[in-house]
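Q: Hey, can you walk me through this one? I'd like to start with how the helices pack.

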Amino acid sequence: MATYKLVAIFRNPTNNHEFLLVKQTPPPKYDDQEYDSYADSHLWDLPSAKLVSLSPEVDSSNQIVLQGEEVCLPKLNLRKFDLHSALGEVLGQVGFGTVSVAEWKFLKLVEEPNFGPGFPIETVYITGDLVPSVGTLKDNCQWSCSESCFNLLLQVNPGGDRLGPLVEYPPGVNIIPMGSRTQKPYHTTNMIVFAPRNNHVEYGSNPFVAQGDAMIVDPGCRSEFNEELAEIVAALPRKLIVFVTHHHRDHVDGLSTVQKSNPDACLLVHENTMARIRKGDWSLGYTKVSGTEEICIGGERLRIIFAPGHTDGHLALLHVSTNSLIVGDHCVGQGSAILDINAGGNMSDYFQTTYKFMDLSPNVLISMHGRVNLWPKHMLCGYLKNRRNREHTILKAIEAGSNTLFDIVAYTYADVDRSLWVLAASNVRLHVDHLAHQKKLPKKFCVRKFQLTCTVHFFSRWMWAYFKGSIGQTHFNFQTAMLLGAVTASGVAILYSVGNTLRSR
Ligand SMILES: [Zn+2]
Ligand SMILES: [Zn+2]
């Protein structure tokens, strides 16, 4: 299964090398002065529209004919799609209202890798020559050419105009979703393979912590994909840098395969992460980095950025010339990232790192789960807003008299399935720490007493609430009481296993 998109390359009728770009509509504002002050810069891309299937009873013989569409046929029968509506939409974006404008030619079909959790997108590129007299170009359009697009892609100024992925993005960076032991709704971890094809640039002095001809980031695939990983590594230059954003299994599971395929590879890692990587994963030498260094890959600069929050050794990586930010697990393609309380996850750090990322005005965010995000500041503000809202509810619970972990979780997550309260509990603990750090907690709230309620006390009450919720109070009997007692006693064991689950994210 897939979803489909039509992209039109409108060529300039007065010359042969220009094509139309459309300014993309940003996501809706948050209606909040602080978040709306962090606006992403203009994003230009080729005009595009969703391509929907025709219902079987529609006569497809009236469809627009694309020259060369038979080339696409082995993979996709374009006659089954409503080209008429999609073309009408892209023409409308540039200011032309009719479809009978040009001769349309099929150019290529691009199949997106399966990032999940939704279906991958298949994109049909077509070309058309506009007739100048039939419409007026809208203000949100501009003519561009391959050369200026290429220059803009290779040298992005923070806060300057940006180009979207339909033109081509990001040059030299391959994002390969590999099957991994990650958490739902994802089933893959993006492994970044960076192998620039540019000529080497010589830097006068050597300011770099490491230099290589290629780099891979977060080889975290499951063992059944080791062969594929070994092939990728074998095809890369020998002088290989391996970079891991953090220690979770879905980011380091493939390290031993990388090491076997290329024993000369050099691992760059934060010391807190290295302390959690097993000897079986990496036994060769490594270089400790703290997040202030730069790397040089094939003559291109990448800046390492200390980005704690998800864990205390978490690192991000900025590709300097394209201003693309690899964010590890700080963000995920959809939903919010969980902070690992057992590996130094910290809410204050998370907020600080988020602001640090926004100050970089990145061109795109490349997270390790899901698609590339093209509205970085909007996404980062969304995280801040959601977490602040949650924190506000937690503070309300405390002000209303809740002073144990269970009571705060029950208040804050009242509308969430109780089976998820254990995960929610770690989040609440991190928020309470953050509130204490900001000195926002009411005087009557004792953090030390609260912390005493975070293990057995929480689990016994959670078990009680969980079973009460699932069997109903009227059926409660002696046997259930015995069962509850047994389960409560194993609360600490569950705490341990939840910790392990989190550590594997
Ligand atoms: Zn992950
Ligand atoms: Zn993680």
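A: Sure. Just keep in mind that this is a predicted model. Let's begin with helix 8 (residues 347-359) and helix 9, which pack with their axes 10 Å apart at an angle of about 160°.

Q: So how do helix 8 and helix 9 run relative to each other, roughly parallel or roughly antiparallel?

A: Roughly antiparallel, because angles over 145 degrees count that way and helix 8 meets helix 9 at about 160°.

Q: And is the crossing of helix 8 and helix 9 left-handed or right-handed?

A: Left-handed.

Q: Which residues make the contact there?

A: On helix 8, you've got Phe351, Thr354, Phe357 and Met358. Helix 9 brings Lys377, Leu380, Tyr383 and Leu384.

Q: OK, what about helix 9 and helix 10, at what angle do they cross?

A: Roughly 125°, and the axes of helix 9 (residues 376-399) and helix 10 (residues 405-412) come within 9 Å. Helix 9 and helix 10 are therefore oblique to each other.

Q: Which hand is the crossing of helix 9 and helix 10?

A: Right-handed. For the contact, helix 9 uses Arg390, Thr393, Ile394, Ala397 and Ile398, while helix 10 uses Asp407, Ile408, Tyr411 and Thr412.

Q: How does helix 10 sit against helix 11?

A: Their axes cross at roughly 105° and come within 10 Å, with helix 11 covering residues 421-437. That makes helix 10 roughly perpendicular to helix 11.

Q: Who's touching whom in that one?

A: Leu405, Ile408, Val409 and Thr412 come from helix 10, and they meet Trp421, Ala424, Ala425, Val428 and Arg429 of helix 11.

Q: Switching topic: which residues touch the most other members of the largest nonpolar core?

A: Ile241 and Leu317, in a core of 87 residues. Helix 2 (residues 83-94) gives the most to this core, with six residues.

Q: Which domains does this core draw on?

A: Domain 1 (3-152) and domain 2 (170-374), with at least three residues from each.

Q: Why would nonpolar residues gather like that?

A: In soluble globular proteins, nonpolar side chains tend to be buried together.

Q: Back to Ile241, what is that residue in contact with?

A: If you leave aside neighbours within four places in sequence, Ile241 is in contact with Ala210, Gly212, Met215, Cys266, Leu268, Ile295 and Ile297.

Q: What other core lies apart from the largest one?

A: There's another core of 17 residues, among them Ile398, Val428, Leu435 and Met463. You've met two of those names already: Ile398 is in the helix 9 contact with helix 10, and Val428 is in the helix 11 contact with helix 10.

Definitions and conventions. Residues numbered from 1 in each chain as written. Chains lettered and ligands numbered in written order. Predicted model: local features only at pLDDT ≥ 70, side-chain atom pairs only at ≥ 80, totals over all residues. Core = buried A, V, L, I, M, F, W, Y, C linked by C-beta atoms within 7 Å. Buried ≥ 20, exposed ≤ 12 C-beta atoms within 10 Å, placed from the backbone. Helix = DSSP H or I, 4+ residues; strand = E, 2+ residues; numbered from the N terminus. Domains from an automatic or database assignment. Contact = placed C-beta atoms within 7 Å. Axes fitted to C-alpha atoms, helices over the stretch in contact; angles between N-to-C directions. Parallel < 35°, antiparallel > 145°, perpendicular 65-115°, else oblique. Left-handed = near helix turned anticlockwise from the far one by under 90°.
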